[in-house]
Amino acid sequence: GNGLGFTKLLLPDALVDAIMGDENVMLDKTAVHMRISNKGQFFPGTCDLICIIGGDEGSMYKLIDSIMKHVHFSASSSNKSTLLKLVVPNSAVSSIIGQHGEIVI
């Protein structure tokens, strides 16, 4: 469908700086909104900033794809792995990875 939705990602500081410095990230400013927590406001138990994306599904997928390209570029240019974390409620975990983690992608 092309309904409305929200996604919460956890991003390292350096990746946020790269994303916010790229004008191409904001693909469709009217169809999707992105909010990133202030510097130093980390997701509990991490050193990652919180990124919330909301809007219609198509525009959200385009924005997430653009963010993923930054993750890939960051990892390949620094010879270090860069991790992008998706935050999901406990109730949704088994539908993503299977009842006992049997779905491996």
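This report walks through the fold, the salt bridges and a nonpolar surface patch of one chain.

**Overall picture**

Keep in mind that the model is predicted. Its mean pLDDT is 79, with 81% of the residues at 70 or more. Among the elements, strand β3 (residues 49-56) has the highest mean pLDDT, 90, and helix α1 the lowest, 78.

The chain holds three helices and four strands, arranged from the N terminus as β-α-β-β-α-β-α. Of its 105 residues, 29% are buried. Counting contacts with a separation of 6 or more, 61% join residues 24 or more positions apart. The accessible surface comes to about 7200 Å², and carbon and sulfur atoms account for 58% of that.

**Helix α1**

Helix α1 (residues 13-20) has Leu15, Val16 and Ile19 as its buried residues. These three lie on the same side of α1, because they cover an arc of only 100 degrees around the axis. As a general reminder, residues three or four places apart in an α-helix point the same way, because there are 3.6 residues a turn.

**Salt bridges**

A search of the whole structure finds three salt bridges, set out here with their N to O distances.

| Acidic residue | Basic residue | N to O distance |
|---|---|---|
| Asp13 | Lys39 | 3.4 Å |
| Asp48 | Lys85 | 2.8 Å |
| Asp65 | Lys69 | 3.3 Å |

The pair Asp13 and Lys39 links distant parts of the chain, with Asp13 in helix α1 and Lys39 in the loop between β2 (32-36) and β3, 26 residues apart. Asp13 is partly exposed, at 30% relative accessibility, while Lys39 is exposed, at 53%.

Next come Asp48 and Lys85, whose side chains meet in a salt bridge. Asp48 sits in the loop between β2 and β3 and Lys85 in strand β4, so this pair ties together parts 37 residues apart in sequence. Asp48 has a relative accessibility of 9% and therefore counts as buried, the cut-off being under 20%. Its partner Lys85 is partly exposed, at 30%.

Asp65 and Lys69 both belong to helix α2 (residues 57-78), where they are four residues apart, about one turn of the helix. Asp65 is partly exposed, at 40% relative accessibility, and Lys69 is exposed, at 54%.

**A nonpolar patch**

Leu86, Val88, Val93, Ile96 and Ile97 make a nonpolar surface patch of about 360 Å². Helix α3 (residues 90-97) gives the most to this patch, with three residues. Leu86 comes from strand β4 (residues 85-87) and counts as exposed because its relative accessibility is 52%.

Definitions and conventions:
Residues numbered from 1 in each chain as written. Predicted model: local features only at pLDDT ≥ 70, side-chain atom pairs only at ≥ 80, totals over all residues. Heavy atoms only, no water. Patch = residues over 30% accessible without salt bridge, like charges linked within 9 Å, V, L, I, M, F, W, Y side chains within 5 Å. Areas by Shrake-Rupley, 256 points an atom, 1.4 Å probe, with all protein chains shown as cover. Salt bridge = Lys/Arg side-chain N within 4 Å of Asp/Glu carboxyl O. Helix = DSSP H or I, 4+ residues; strand = E, 2+ residues; numbered from the N terminus. Buried < 20%, exposed > 50% of the residue type's maximum accessible area, 1.4 Å probe, protein only. Arc of directions from axis to C-beta. Contact = heavy atoms within 4.5 Å. pLDDT = per-residue confidence, 0-100.
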